[in-house]
Amino acid sequence: MFNDHRWGFDWTEFMTGIVFLIAAYFVAKKPQAALLSLVFLFAIVAIISGITTIGGYTKLQRETGLRANFALVFAIIDILVGLLFLFHAPTGIVVLGYIFAFWFLIDSIERLVVASHLRTFGMGYFILSVILDVISLILAIMLLFNPLVAAFSFNVLVSFYFAVFGINAILIAFARRD
C-alpha cells in the first residue's frame, strides 16, 4: 500500500546531469579560466559575507551579547581569506581543492547511501549507479589526501567528477521513468 515506486521521469535529476556535463566540458576546455573564476567567486563571496556580518554586528550584539564577538572574529577572517584569494590566487586554488574534495566526498557518500532505491527500477541501474558513486568517492579521496596532485590535476579531476556525476544523474532520471 505504501510501497508505490512510481516516480515518473525525473526532470530535475536529468537537468542536474546536463548542467554537470556542461560544467565538465567547460572545465576541461578552459581549465585556467574555470579555476580562476571559482577562486575569485569564493573571494568575493567571503568578502561580502564578512562585510554583511560586520554591518549587522551591533544588532547581533544586542540580541546575543558577547557571543556576537565570535561572529565579528569570523567576519574578519572571512574578509582576510577573501582578500588573500583575491590577491594571491595560487593559495585560493589549493584551498579550493580541499573545498571541492569535501563537496565530492559528501555528495558521493550521500548517493551511495540512497542508491538502494534504484533496485526497484532494475538491478542494472543500481549496480551502475553504485560503480559511478564509488569512482566519485575515490576521486574525492584522491583530492583530499594529495593536495599537491590535486592542485596540478585539479581541472582534470573536477571535469571527470562532473562528467561522472552528470552521467549518474541522467541515469537516475531514466531509471525513475517507470
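Asn155 sits in helix H7, which covers residues 147-175. In this predicted model, Asn155 is buried, with a relative accessible area of 16%. Follow the chain back and you find Ala28, 127 residues away in sequence but 6.5 Å away in space, C-alpha to C-alpha. The rest of this briefing goes from that spot to the overall build, the salt bridge, the surface patch and the UniProt record.

**Around Asn155**

- What does Asn155 touch once residues up to four places away in sequence are set aside? The partners are Val27, Pro31, Gln32 and Leu35.
- Asn155 counts as buried because its relative accessible area, 16%, falls under the 20% cut-off.

**Overall build**

- Seven helices and zero strands make up the secondary structure of the protein.
- Read from the N terminus on, the order of elements is α-α-α-α-α-α-α.
- The C-alpha trace spans about 55 × 45 × 25 Å along its principal axes.
- How does the radius of gyration of the protein stand against that of a compact globule of 178 residues? The protein has 20 Å, while such a globule would be near 16 Å.
- Buried residues account for 36% of the 178 residues.
- Take the contacts between residues at least 6 apart in sequence: 80% of them join residues at least 24 apart.
- The accessible surface adds up to about 10,700 Å², and carbon and sulfur atoms hold 75% of that area.

**The salt bridge**

- How many salt bridges does the structure hold? There is one.
- The side chains that meet in a salt bridge are those of Arg111 and Glu13, at 2.7 Å, N to O.
- This pair ties together distant parts of the chain, with Arg111 in helix H5 and Glu13 in helix H1, 98 residues apart.
- As a bit of background, side chains of opposite charge can pair when their charged atoms come close.
- Helix H5 runs over residues 89-114, and helix H1 over residues 11-29.
- Is Arg111 buried or exposed? Arg111 counts as buried, at 11% relative accessibility.
- Glu13 is buried too, with a relative accessible area of 13%.
- Why do Arg111 and Glu13 get that label? Buried means under 20% relative accessible area, and Arg111 has 11% while Glu13 has 13%.
- Leaving out neighbours within four places in sequence, Arg111 is in contact with Glu13, Asp133, Phe165, Asn168, Ala169 and Ile172.
- On the same basis, Glu13 is in contact with Arg111, Ala169, Ile170, Ile172, Ala173 and Arg176.
- Ala169 and Ile172 turn up on the contact lists of both Arg111 and Glu13.

**Helix H4 and the nonpolar patch**

- Which residues form a nonpolar patch on the surface? They are Ile54, Ile76, Leu80, Leu83 and Phe87, with about 490 Å² of accessible area together.
- Helix H4, residues 68-87, supplies the largest share of the patch, namely four residues.
- Phe87 is one of the patch residues, and its place is in helix H4.
- Phe87 counts as exposed because its relative accessibility is 68%, and exposed means over 50%.
- Leu86 is also found in helix H4, but Leu86 counts as partly exposed, at 29% relative accessibility.
- Not counting residues up to four places away in sequence, Leu86 touches Phe40, Ala43 and Ile47.
- How far apart are the C-alpha atoms of Leu86 and Thr58? They are separated by 28 Å, and the two residues are 28 residues apart along the chain.

**What the UniProt record lists**

- An unreviewed UniProt entry lists residues 7-28, 34-57, 69-87, 93-113, 125-145 and 151-175 under "transmembrane region".
- In the model, residues 34-57 are 96% helix and 0% strand, with the end C-alpha atoms 34 Å apart.
- Residues 93-113 are 100% helix and 0% strand, and there the end C-alpha atoms lie 30 Å apart.
- Arg111, the salt-bridge partner of Glu13, has a number that falls within the listed span 93-113.
- Asn155, where this briefing began, has a number within the listed span 151-175.

Note on methods. Residues are numbered from 1 along each chain as its sequence is written. This is a predicted model: local features need pLDDT of at least 70, side-chain atom pairs count only at pLDDT 80 or more; totals for chains, interfaces and linings use all residues. Side-chain values use heavy atoms; hydrogens and water are left out. UniProt positions are given in the numbering used here, feature names are shortened, and annotations may be inferred rather than shown by experiment. Helices (H or I, at least four residues) and strands (E, at least two) are DSSP runs, numbered from the N terminus. Patches are made of residues with over 30% relative accessible area and no salt bridge: like charges are joined within 9 Å, nonpolar side chains (Val, Leu, Ile, Met, Phe, Trp, Tyr) within 5 Å. Accessible areas come from the Shrake-Rupley method with a 1.4 Å probe; for residues, only the protein chains shown count as cover. A salt bridge is a side-chain nitrogen of Lys or Arg within 4 Å of a carboxyl oxygen of Asp or Glu. Buried means under 20% relative accessible area, exposed over 50%, partly exposed in between (1.4 Å probe, protein chains only). The radius of gyration is taken over C-alpha atoms; the globule rule is 2.2 Å times the number of residues to the power 0.38. Contact means heavy atoms within 4.5 Å.
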